[in-house]
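Me: Please take a close look at a single helix of this model, and then place that helix in the context of the chain around it. A formal, connected account would be appreciated.

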Amino acid sequence: MFLYVKIADELKRLIESGYYRPGETLPPERELARTYNAGGKSVHNAIKRLERSRLIVRKHGSGNYVAPGLAVKPLGVIVALYGKFSLFRAGISEWFQELFRELPFQVQIFKFSDILTETELRNLARQYPGIPLLLINSCHASSRLAPGGMLSCLEDFPLFTRQLDRIPGNLKWLFPGPEGLPRYYSCPIFYSLNSCAFNGELARAAGLDADRPPRLWSEFLNWCETFRLWRDGANRRDLHPVYGCGSDFTGMTGNALLATLCGGNDYFTDSAEVRGGLVEYFTLIRELHCKGYLELADSNTPDPFVSGRYLFHLHAGSWLPRDIENFNPKLEIRFFDFPRPHEMTPRRSCAGSALLSLMENNCTPEARKRLLDCCERILTPPGSAALAAKLGLIPADSRSLDRFLAEHPAFEPFRNTLLISSEPWEVPAWDFNAELNRITRKLWRSPDTPPEEWAKEYLRFLEQRVK
């Protein structure tokens, strides 16, 4: 985004929030240049942009004025979006503004590039005293914010008690508050799932039965080998059997596989099931790597839902691609359960969550009502289903999920996936994911090392953490 556009957007926000009132003079352009650390040309272009929008009036020799009679709604609520949620889709701020357009107050949207921190939220609260904040954040953020008293307990609001009642017990998050008691300080509104998908068009081209996806890991590997042989014979070296995330393989793909291999036990506990599951986990992913089935993707790799270059997508939790404008529905992407290592192994899955939290910021009862008005618009089935489609996520509560699946019947399998999910994870799993990713990246570089050695390395880390 050009600098002058950022400056114009910031001045527009200040005008619309009432900071600069109708008829009031804006600071001189030279002063604005110092404020925004910008050149005179950038500030001048920003002023011209505001003039074209009829937000200001320029009077030669006098200055720039906020347009007289400009109807400005008072600032009522701030919405803060954490990184993955805010950056995942273009136009998300505009979607929220349209959702709140008919409210008699203004809603200001702030997007953060990463997990919301206590420092960032305290700065926002000081900048807008008495204005409540609606936060859409992650479980990791909530686990850090709730103990410090930053978040309101949602059990005190009937709107949220009803909402939480409609969410399966295995998918709700409890966090310790200031008194150390676990309570609901966040309400799940969307999930992204660690499930698999395959390209039906490519499967048929390779002679595979698209109506019978692989149930077992051995069948999965047979599909990969069949597809590789077809690809080489057709001279289609641009195609790959499996798409996986190289930088965060465990977090993006391995959680569901590990939960299955470890018999449902958390892999940050030392048990016979976990030790055996770790060896099998490293064996399986080494097999994918050594046989050349897995292309390790990074953030710049074309999304499988766009490129059509992959038979399997191991992290198909978000059914829409990163690059939604180029989504190609003709690819016939189909979802299926994560392949089980053995016939008798129970299937498990893992859901990532987007959570809604409140920070009342010493607001008045009237301001609290405005905050709940915004929450209600997000949580109603039409709003929640529409936003889920915008983001490529799955609504959390049963009413919104019903509406979403009625509009997108191809994703009906997600209903059962949610109900048996092994989420929510305990907070320590984040650190253990990082260690597993570190070891996995070593495995890519040294595939000849026996899987037992990688499992022992992780268990040594686990032992130190327990101490």
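Reply: Helix α10 comprises 17 residues, 217-233, and at 1.5 Å a residue it should span 24 Å, which agrees with the 25 Å between its end C-alpha atoms. The expected span is 1.5 Å times one less than the number of residues. Helices (H or I, at least four residues) and strands (E, at least two) are DSSP runs, numbered from the N terminus. The model is a predicted one, in which local features need pLDDT of at least 70 and side-chain atom pairs count only at pLDDT 80 or more, while totals for chains, interfaces and linings use all residues. Residues are numbered from 1 along each chain as its sequence is written, and side-chain values use heavy atoms, with hydrogens and water left out.

The buried residues of α10 are Trp217, Phe220, Leu221, Trp223, Cys224, Phe227 and Arg231. Viewed down the helix axis, these buried residues of α10 fall within an arc of 155 degrees, so they line one face of the helix; the arc is that of the directions from the helix axis to the C-beta atoms. On the other side of α10, Asn222, Leu229 and Gly233 are exposed. Here buried means under 20% relative accessible area, exposed over 50%, and partly exposed in between (1.4 Å probe, protein chains only). Just after α10, Asn235 adopts a positive phi of about 55 degrees.

Within α10, the side chains of Glu225 and Arg228 meet in a salt bridge, at 2.7 Å from N to O. A salt bridge is a side-chain nitrogen of Lys or Arg within 4 Å of a carboxyl oxygen of Asp or Glu. Glu225 and Arg228 lie three residues apart in the helix, about one turn. An α-helix has 3.6 residues a turn, so residues three or four places apart point the same way. Glu225 is partly exposed, with a relative accessible area of 26%, and Arg228 also counts as partly exposed, at 22%.

Helix α14 offers another pair: Lys369 forms a salt bridge with Asp373, the closest N and O atoms being 3.5 Å apart. Lys369 and Asp373 are four residues apart in α14, and are therefore separated by about one helical turn. Lys369 is exposed at 52% relative accessibility, whereas Asp373 is partly exposed at 24%. Returning to the first helix and its surroundings, salt bridges that share partners join Glu225, Arg228, Arg231, Asp232 and Arg237 into one network.

A further salt bridge joins the side chains of Arg166 and Asp397, at 3.6 Å from N to O. This pair links distant parts of the chain, 231 residues apart: Arg166 is in the loop between α8 (158-165) and β6 (175-176), and Asp397 in the loop between β15 (394-395) and α16 (398-407). Arg166 is partly exposed, with a relative accessible area of 24%, while Asp397 is buried at 1%. By the same rule, the count comes to 24 salt bridges.

As for the chain as a whole, it has 19 helices and 15 strands, and buried residues make up 51% of its 467 residues. Of the contacts with a separation of 6 or more, 74% are accounted for by residues 24 or more positions apart, contact meaning heavy atoms within 4.5 Å.
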